[in-house]
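Please open the model in a viewer and keep the sequence panel at hand. The tour below proceeds by selection, one stop at a time.

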Amino acid sequence: MDQDAREQGLLTALTTEHFVLQTSRGATITESVGRATVFLSLLSAALIGLGFVSSSGHLIKPYLGAVLPTLVITGLLTFARLVQNMVENSLNLKRIQHIRAYYHHHLAGENDFFADAVSGGGDTRTIAAAVGSAASRWQLLLTTAAMVGAVNALLIGLGATLLTGVASGSATFAIALGVAVALVAFAAQLVYIKRASIWLSG
C-alpha cells in the first residue's frame with residue numbers, strides 16, 4: 001500500500017471515528033438529561049404527595065419515612081451516573097480534539113478551520129484545556145451532577161433534621177444540625193466530581 005492510499009485510509013477511519021465519538025457524546029448527554037428529569041419528576045411527585053398527606057398529622061411521619069430514603073437513594077445513584085456520563089462525554093470530546101488536530105495539521109494548511117486545535121499540536125494537556133476539563137473549579141457547580149448533588153444534600157439535611165427533631169425535641173438544634181449535614185453532603189459530592197475531573201485532566 002503506497003503512502004497516499006495509507007493516508008486516505010487513515011482519513012476515512014478518522015472520519016468514521018469522529019462520527020462515532022460525536023454520536024456517543026449525544027447519547028451521554030441525552031441519558032444525563034433523561035436521568036435528571038426522572039429524578040426531579042420523582043421529587044415533584046413526592047412533594048405533591050406530601051401536600052395531600054399534610055392535613056393528616058398521623059400520616060406525615062410514615063410518608064416521609066418511606067419517601068425520603070427512596071429519594072436519597074435514587075438521587076445518589078443518579079448523581080453517580082451523571083458523573084460517569086460527564087467523564088465519558090469529556091473523554092469523547094478529548095478524542096475528537098485529537099482527530100481535529102490531525103485534520104488541522106495535515107489538511108487545513110494555513111487556514112484556521114480548527115482554531116482550538118492549532119496550538120500544542122494535539123498535545124493532551126492542550127486538548128484537555130480546550131474541552132474544559134482543566135477549567136475553573138467553579139464550573140463544576142454548573143454541571144447537571146452538581147445540581148442533582150445539591151438536591152441530594154437538601155434531602156439528606158432534611159432527613160437529619162427530622163430525625164434529630166424527633167429524638168431531641170429541639171427544633172433549633174435539629175435545624176442547625178440539618179444545615180450542617182446538608183453542607184457536608186454537598187461538599188462531599190463536589191469533591192467526588194472534582195476527583196473525577198482531576199482524573200480526566202491527568
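Begin by selecting G169, the residue that follows α4 and has a positive phi, near 80°. The coordinates on display are those of a predicted model.

**Helix α4**

Step back from G169 into α4 itself, residues 144–168. Measure from one end C-alpha atom to the other: the distance is 36 Å, which agrees with the 36 Å that 25 residues should span at 1.5 Å a residue. Confidence in the protein chain is highest in this helix, at a mean of 92, whereas α3 has the lowest mean, 46. Colouring by pLDDT also brings out residues 118–135, where the value is below 50. That stretch nevertheless has 27 contacts in the model beyond near neighbours in sequence.

Within α4, select G149. Is this glycine buried or exposed? G149 counts as buried because its relative accessible area is 1%, under the 20% limit. Display its surroundings: leaving aside residues up to four places away in sequence, G149 touches F79, F186 and Q189. Add A187 to the selection; its C-alpha lies 9.1 Å from that of G149, although the two residues are 38 apart in sequence.

**The whole chain**

Now zoom out and switch to a cartoon view. The protein chain holds five helices and zero strands, so that reading along the sequence gives α-α-α-α-α. Of its 202 residues, 35% count as buried. The chain exposes about 11,900 Å², and carbon and sulfur atoms supply 67% of that area. Among contacts between residues at least 6 apart in sequence, 74% join residues at least 24 apart. For the chain as a whole the mean pLDDT is 83, and 83% of the residues reach 70 or more.

**Salt bridges between α1 and α2**

Next, select E31, R35 and R81, which are linked in a network of salt bridges. How many salt bridges are counted in total? The count comes to two.

Show the side chains of R35 and E31 first: they meet at 2.8 Å, N to O. Both residues belong to α1, where they are four residues apart, about one turn of the helix. An α-helix has 3.6 residues a turn, so residues three or four places apart point the same way.

Then turn to R81, whose side chain also forms a salt bridge with E31, at 2.8 Å, N to O. Because R81 lies in α2 (residues 57–108) and E31 in α1, this pair ties together parts that are 50 residues apart in sequence. Each member of the network is partly exposed: R35 has a relative accessibility of 36%, E31 has 25% and R81 has 24%.

**H18 in α1**

Remain in α1, which covers residues 3–53, and select H18. With a relative accessible area of 19%, H18 is buried. Which residues does H18 touch, not counting those up to four places away in sequence? They are I96, I99, R100 and Y103.

**A nonpolar surface patch**

For the last stop, select W138, in the loop between α3 (124–131) and α4. W138 is exposed, and its relative accessible area is 67%. Extend the selection to L141 and L142 and show the surface: together with W138 they form a nonpolar patch with about 410 Å² of accessible area.

Conventions. Residues numbered from 1 in each chain as written. Heavy atoms only, no water. Patch = residues over 30% accessible without salt bridge, like charges linked within 9 Å, V, L, I, M, F, W, Y side chains within 5 Å. Areas by Shrake-Rupley, 256 points an atom, 1.4 Å probe, with all protein chains shown as cover. Salt bridge = Lys/Arg side-chain N within 4 Å of Asp/Glu carboxyl O. Helix = DSSP H or I, 4+ residues; strand = E, 2+ residues; numbered from the N terminus. Buried < 20%, exposed > 50% of the residue type's maximum accessible area, 1.4 Å probe, protein only. Contact = heavy atoms within 4.5 Å. pLDDT = per-residue confidence, 0-100. Expected span 1.5 Å × (residues − 1).
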